[in-house]
Amino acid sequence: MVKLILWSFFLLPWISLIFLHKLDNEAIRRYMPVAFLATIINTILYQIAWTYDWWKYKETLFAWDKVAQVHTVYGVFLVGTIWIFYFTFGKFWLYFIVNFIVDCIYSFGFRTLWKKLKITTAGGILSPFEGIIIMTFIAIILYGYHKWQEGLIDSDSKG
């Protein structure tokens, strides 16, 4: 059952991109750079978390993904970034609020579920509130990065 949940967190987001492609065939290409940056930042963050015992995963998809889990970092977080930017980019406060709500669902909902299912250790010194602060800071960085990216794209197409 646990593996099914983990596989769902990895595969379902990627499958959802089929629907995004049907809505807007350029959206994936437009938002993939910011999703890759989110993935790089999350990979580093997960390495820090492992080192400082913020959390530890006991159950993962593969034996080699104990530090940066495939199902979250390369699944739901990467693809979720694309979806959130698709629906909110250009409206900072909407982006900020949507990110905050998603971060709260993850911090208070899924982290609790992971502990109950024994996917993560019961311990860990990072509180849900601290997790939300970190994720909010990352969200602001991502938004600024994408605005910069869009400015480069716009200036290249004009000249």
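Here is a short walk through a predicted model, from one pair of helices to a buried histidine and then to the nonpolar core.

Let's start with helix 3, which covers residues 70-88, and helix 4, which covers residues 92-116. Their axes lie 10 Å apart, and the two helices pack at an angle of about 155°. Because angles over 145 degrees count as roughly antiparallel, helix 3 is roughly antiparallel to helix 4. The crossing of this pair is right-handed.

Which residues in helix 3 and helix 4 meet? On the helix 3 side you will find His71, Thr72, Phe77, Ile84, Phe85, Phe87 and Thr88. Their partners in helix 4 are Leu94, Tyr95, Val98, Asn99, Val102, Tyr106 and Trp114. Sorted by character, the residues of this contact are ten nonpolar, four polar and no charged.

One of these residues deserves a second look. Histidine 71, in helix 3, has a relative accessible area of 0%, so this residue is buried. Leaving aside residues up to four places away in sequence, histidine 71 touches Leu6, Phe9, Phe10, Tyr57, Leu61, Val76 and Trp114.

Now step back to the largest nonpolar core, which has 42 residues. Within this core, Tyr46, Ile82, Phe85 and Leu142 touch the most other members. Helix 1 (2-23), helix 2 (27-51), helix 3, helix 4 and helix 5 (128-158) each give two or more residues to the core, and helix 2 provides the largest share, ten residues.

Leucine 142 makes a good last stop. Not counting residues up to four places away in sequence, leucine 142 touches Val34, Leu37, Ala38, Ile41, Phe85 and Tyr95. Phe85 and Tyr95 also appear in the contact of helix 3 with helix 4.

Methods:
Residues numbered from 1 in each chain as written. Predicted model: local features only at pLDDT ≥ 70, side-chain atom pairs only at ≥ 80, totals over all residues. Heavy atoms only, no water. Axes fitted to C-alpha atoms, helices over the stretch in contact; angles between N-to-C directions. Helix = DSSP H or I, 4+ residues; strand = E, 2+ residues; numbered from the N terminus. Parallel < 35°, antiparallel > 145°, perpendicular 65-115°, else oblique. Left-handed = near helix turned anticlockwise from the far one by under 90°. Contact = heavy atoms within 4.5 Å. Nonpolar A, V, L, I, M, F, W, Y, C, P; charged D, E, K, R; others polar. Buried < 20%, exposed > 50% of the residue type's maximum accessible area, 1.4 Å probe, protein only. Core = buried A, V, L, I, M, F, W, Y, C linked by side-chain atoms within 4.5 Å.
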